[in-house]
Amino acid sequence: MSGGAHASTADEAVEEKMVNPPSPAIAARSFGWLMLSLLAAFLINVVLTFWADLPGVAPLVGWQGNGDGGIGLSIAQAALYVVLAALAIFYVTRTPNRSLRADEDLVADFNAMLVRMAFWVVFFVGLADAAVSFLRVEGLLESYFGEDIAGDLGRSSYRGVYVHVPVIILGILIGAFTRTLGFHWLALLVVVAELIIVFSRFIFSYEQAFMADLVRFWYGSLFLFASAYTLYDDGHVRVDLLYAGFRNRTKGAVNKWGAVLLGIPLCWVILFFGMWTKSSVIVGPILVFETTQAGFGLYVKYFMAGFLGVFAVTMHVQFISQFFGAVADTRGEGGAHETHPEMM
């Protein structure tokens, strides 16, 4: 009798949910898409300011601008934030019945594409720069490319523009149109690169600076690029004694406020201090194609600074995806993807 009553109550709840689906989460969706639009506007303005030499939005708040542009260009760059924010609100209002789970999956899939493109970029750049460095160390560049080009390849700005940029474009295109290899293969690449060092050192007594640089290059990208996927799979270590015992709705509330109060602000701190001026820790090295002092090592130190930017952007995007999913959990919506801890 009791079991039948419980079953009847459950059936009624399901039928009521089918007749009256959850109300549209306009506020939560608006917040998430607004944050993504502001991120896009910020990154576009960084490119326009430091690579197109526009003044930026700093003069509007009384700070020193970049370049020689007038206040009109600063207003136009600031208007980009308004335009993209308006597009975000327009998208949300035009799709009021779109579920939070759908937005969560859309943002997560886009972030996976970003990480995949980043993998292909560091894969090709690492191989290309290692090949050039090997030929330069062994004095073979002049034989293959002539004295002038051999000298130019010794300059970081030339190598960055004529070697790195083409393979960066190739990596972005492959990452955008394929779903094959991803960042997790970087672990294997790191092992292979380290094995090459071991064999060449102890069997052939041969070792060069670019070989160790390649290991560090791929090793650093592995951890910074994998962070977003680890967040998606709930694989980061949680130092707490309570979370595991929470109900799904309580976990959703914790994840929601954790993303809003801790995760997203952390990403903005990295982006702001790393990209606000020409001498910032991310923009500065990239602008001058900064290299190490090893001489014949890889010319990819500026890439390592860029890794911080990739980390902040992909984590920011993934925190928005987590926010959508967390709000859906607090609302009792089904369809959540199964994370690794849950499968275990």
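Start with the accessible surface of the whole protein chain, which comes to about 18700 Å². Carbon and sulfur atoms account for 68% of that surface. Keep in mind while looking that this is a predicted model.

Switch to a cartoon view. The protein chain holds 13 helices and zero strands, so every element in the sequence pattern is marked α. Now colour the residues by burial: of the 344 residues in the protein chain, 39% are buried. If you display contacts between residues at least 6 apart in sequence, 77% of them join residues at least 24 apart.

**The nonpolar patch**

Select Leu-60, Val-61, Trp-63, Ile-71, Ile-75, Val-269, Phe-272 and Phe-273. These residues form a nonpolar patch on the surface, and together they have about 790 Å² of accessible area.

Next, select helix H3 (71-94) and helix H10 (248-275). Each of these two helices supplies at least two residues of the patch. Which helix gives the largest share? That is H10, with three residues.

Zoom in on Ile-71, a patch member that lies in helix H3. Is Ile-71 buried or partly exposed? Its relative accessible area is 48%, and because the partly exposed class runs from 20% to 50%, Ile-71 is partly exposed.

**Helix H12**

Move to helix H12, residues 301-330. Place a distance label between its end C-alpha atoms: they are 44 Å apart. That agrees with the span expected for 30 residues at 1.5 Å a residue, which should also be 44 Å.

Show the surroundings of H12. Of its 30 residues, 24 are buried, so the helix is largely enclosed by the rest of the structure.

Within H12, select Thr-314. Its relative accessibility is 2%, and because buried means under 20%, Thr-314 counts as buried. What does the side chain of Thr-314 reach? It reaches the backbone oxygen of Val-310, at 2.7 Å.

An α-helix has 3.6 residues a turn, so residues three or four places apart point the same way.

Now hide the neighbours of Thr-314 within four places in sequence and display what else is in contact with this residue: Asn-111, Leu-114, Val-115 and Ala-228.

Finish by following the chain just past the end of H12 to Gly-332, where the phi angle is positive, at about 75 degrees.

Note on methods. Residues are numbered from 1 along each chain as its sequence is written. This is a predicted model: local features need pLDDT of at least 70, side-chain atom pairs count only at pLDDT 80 or more; totals for chains, interfaces and linings use all residues. Side-chain values use heavy atoms; hydrogens and water are left out. Patches are made of residues with over 30% relative accessible area and no salt bridge: like charges are joined within 9 Å, nonpolar side chains (Val, Leu, Ile, Met, Phe, Trp, Tyr) within 5 Å. Accessible areas come from the Shrake-Rupley method with a 1.4 Å probe; for residues, only the protein chains shown count as cover. A salt bridge is a side-chain nitrogen of Lys or Arg within 4 Å of a carboxyl oxygen of Asp or Glu. Helices (H or I, at least four residues) and strands (E, at least two) are DSSP runs, numbered from the N terminus. Buried means under 20% relative accessible area, exposed over 50%, partly exposed in between (1.4 Å probe, protein chains only). A polar contact is a pair of N or O atoms within 3.5 Å; within protein, one must be able to donate a hydrogen and the other to accept it, and residues adjacent in sequence count only if both atoms are side-chain atoms. Contact means heavy atoms within 4.5 Å. The expected span of a helix is 1.5 Å times one less than its number of residues.
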